[in-house]
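Please open your viewer and keep the sequence panel beside it. We will go from stop to stop, selecting a few residues each time.

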Amino acid sequence: MGLLSEGSPLSWDETRDLAEHVRREGIKQFINIYHSLKNRTGDGLKWGDEVEYMLVHFDEQRKRATLSLRAHEILPVLMEKEIKDPANVMSLWRPEYAGYMIEGTPGKPYGGLLAHVNIVEANMRARREEVEALLQEGESLLTLTSFPRLGCGVFTKPETFPNVKDGASRSLFIPDEVIYSGHPRFKTLTRNIRMRRGEKVAINVPVFRDDNTQSPFKEDLKSLGDDGSSESAALPDHVYMDAMAFGMGCSCLQLTFQASNMDEARILYDQLTPLCPILLALSAASPIHHGVLTDTDCRWNVISGSVDDRTREERGLDPLKNNHFVIPKSRYGSVDSYLSPLGDKYNDIPVLHDKDVFNELNAAGVDELLAQHIAHLFIRDTVSLFSEKVHQTPNDTDHFENIQSTNWQSMRFKPPPPNSTIGWRVEFRPCELQITEFENAATVIFVVLVTRVILSYRLNLLIPISKVDENMQKAQKRSAVREEVFWFRKKILPPEKEQNHEITETEDEYGAMTINQIINGKVGSFPGLVPLVKNYLSSMDVDADTFCSIQQYLNLIQKRASGELLTTASWIRQFVRQHPSYRQDSIINDEINYDLLKEIRRIQDGVNPCPELLGHSLESKTKHDIPTSIEKGMTTLQAKAEAGKKTLIRQRKVTKEDL
């Protein structure tokens, strides 16, 4: 979830009064990072995934599934291994927003050898087993994007109840106890986002209209103690939610890549940006929110609304008086601009940014595209500040990270931490969680291999940023993989590899494609991302087990894209509509919720095969370790890389500190 500073959280009034101080000092810190590390080069590929798990309790007697709020008990035990021996742990564990969530990552980043992709699924399984060893009777660890009955009556264990008058969110539905209690950041963010906005957050998602769905569809909010504010914010025929937990209480699958240098990181950031909506649609897994079947398949707009701290002025509802900008998006949204020179001409939407910050960055030697990006992030205020972190030096980074880590965009550009071995990175953030490790590993490995193809083949996936925004909204629609078309670039190979590359106008460079065409190709007109990955692999030395696993993963991606297999969202929707107690009214009762999550648990554990979701073959050859012979090869490559760095230092192209 980003920066987790330790200390005593300030009140909102204190935080607000220090917002300009944080912004000013954060820019100084970025300038220092930039000049210290802009020439850093020669870093090898390192990458890793983040999985956010949910703790679910099954009451077998009452046939109810609730969220177990025991993350604060389990996490310290999980983190003991890292504290004792950080260099030799298989998994790293961190808190997430909710008390039922736990974030797990591999103990060490994976490297540049193809054999590393064969470790991912085994590591994910090991993570699950590590947590499951600490669970109590009735508890399960599930990879759910959204808990179907979040905010519906009593939905937690132990039982908790909303505090409408004095709670951090003042939600009609979500108790404060749902927020993770082991770190003050999460409750502080909840309170301060609400207070900065001047009212509760308001999330409205269109309801799925079934045969017996109430018309107009609207919940009785007065009976829950509403003072009228929720009633006025709730839209008819929409599922209304009023708290940060509805969004940040969703789970996701994220990927971080280390690039060889800053320029490569900017290229990856740009080239992956048009893929964000495509992977969002392919991984769609959350058609149910707040106990209601919705007309969307993804979490994205729910989270966006859950942290929307814009005031009425910033949302364009009142004239600007106390604020500086009318801001088009929540601080959780899709990327607003490309960062590489190649991407500049596709920045077809004016990028709202702080001109004073831009001028300061530009005067300090930061190029215009990167200065614009940072100045865009810094239109936001800090929404969480700790007393011990107020006064820092330009060599610190907490003020910069404070703003950076609360701009939750579909891609994140990450400078190296000072005095570390970590290089320039990008974070890929759109993917939803799948039920099994096999599916999550397939998603991760597909994206990893696409990054290798992008860099090796010099692919150009860029389209106007406005079209990426359009795609992000299309990607969330019901059955988007099968029913929507997306803007995508027609000619993605370098000109010398294209048969016809006489394209002069930007409008001629992209067109509408199905996800099937984007992933699997269209004969005579578009190569397809998976065929390009397979072509890349054919030129590589891949061991038999890794090759077998990759083929299985790519097969899943291809069949999901073609519609032969269901997305997780479509499978969940189908399960609900076929359930004997479903009344075609869009409502998910306790019985449906229990049976759905039980079936998910059985699929996850391999008890039920579920061919409509997974196909028939899940026999990957995943391992916990790469073969010894390949490790020796990796050592040789690392030695060559180190020799290359020493050569650069001798030639005075970079300093030792840069490396």
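The tour below visits a helix, some salt bridges, a pair of strands, a buried serine and a few unusual backbone spots.

Before we start, note that this is a predicted model, in which local features need pLDDT of at least 70 and side-chain atom pairs count only at pLDDT 80 or more, while totals for chains, interfaces and linings use all residues. Residues are numbered from 1 along each chain as its sequence is written, and side-chain values use heavy atoms, with hydrogens and water left out.

**Stop 1: helix α4**

Select residues 120-132, which make up helix α4. Helices here are DSSP runs of H or I with at least four residues, strands are runs of E with at least two, and both are numbered from the N terminus. The 13 residues of α4 reach 18 Å from the first C-alpha to the last, close to the 18 Å expected at 1.5 Å a residue. That expected span is 1.5 Å times one less than the number of residues.

Now turn on the surroundings of α4. Ten of its 13 residues are buried, so the helix is largely enclosed by the rest of the structure. Buried means under 20% relative accessible area, exposed means over 50%, and partly exposed is in between (1.4 Å probe, protein chains only). To see the buried set, colour V120, E121, A122, N123, M124, A126, R127, R128, E130 and V131.

**Stop 2: salt bridges**

How many salt bridges does a search of the whole structure find? There are 48, each one a side-chain nitrogen of Lys or Arg within 4 Å of a carboxyl oxygen of Asp or Glu. Let us look at some of them.

Show R40 and D43 as sticks: their side chains meet in a salt bridge at 2.6 Å, N to O. Both R40 and D43 are buried.

Next, select R64 and D590, a salt bridge whose closest N and O atoms are 3.5 Å apart. This pair links distant parts of the chain, with R64 in strand β2 (residues 64-68) and D590 in helix α21 (residues 590-604), 526 residues apart. R64 is buried at a relative accessible area of 15%, whereas D590 is partly exposed at 25%.

Move on to R209 and D237, where the closest N and O atoms of the salt bridge are 3.0 Å apart. R209 is in the loop between β7 (203-206) and α6 (229-233) and D237 in the loop between α6 and β8 (238-241), so the pair ties together parts that are 28 residues apart in sequence. Both ends are partly exposed: R209 has a relative accessible area of 39%, and D237 has 28% relative accessibility.

For a wider view, select E20, R23, R196, D309, E314, R331 and D381, which are joined into one network by salt bridges that share partners.

**Stop 3: strands β7 and β8**

Which residues of β7 point to a buried face? Select I203 and V205: they point to one face and are buried, while N204 and P206 point to the other and are not. Add β8, which pairs with β7 in the antiparallel sense over four bridges; strands count as paired if DSSP finds at least two bridges between them. Opposite V205 you will find V239 in β8.

**Stop 4: S340**

Select S340, in the loop between β12 (332-333) and α11 (355-363). S340 is buried, with a relative accessible area of 5%. Its side chain is joined to that of D270 by a polar contact of 2.5 Å. A polar contact is a pair of N or O atoms within 3.5 Å; within protein, one must be able to donate a hydrogen and the other to accept it, and residues adjacent in sequence count only if both atoms are side-chain atoms.

Leaving out residues up to four places away in sequence, S340 touches R266, I267, D270 and L369, where contact means heavy atoms within 4.5 Å.

**Stop 5: backbone oddities**

Most residues other than glycine have a negative phi, and most peptide bonds are trans. Here are some exceptions to select.

- K157 and P158 are joined by a cis peptide bond, with omega about 0 degrees; P158 is in the loop between β6 (156-157) and α5 (184-197).
- S215 and P216 are also joined by a cis peptide bond, with omega about -5 degrees; P216 is in the loop between β7 and α6.
- H290 is not a glycine, yet has a positive phi of about 55 degrees. H290 lies in the loop between β10 (288-289) and β11 (292-293) and is buried at 7% relative accessibility.
- C610 has a positive phi near 50 degrees. C610 sits in the loop between α21 and α22 (611-614) and counts as buried at 7% relative accessibility.
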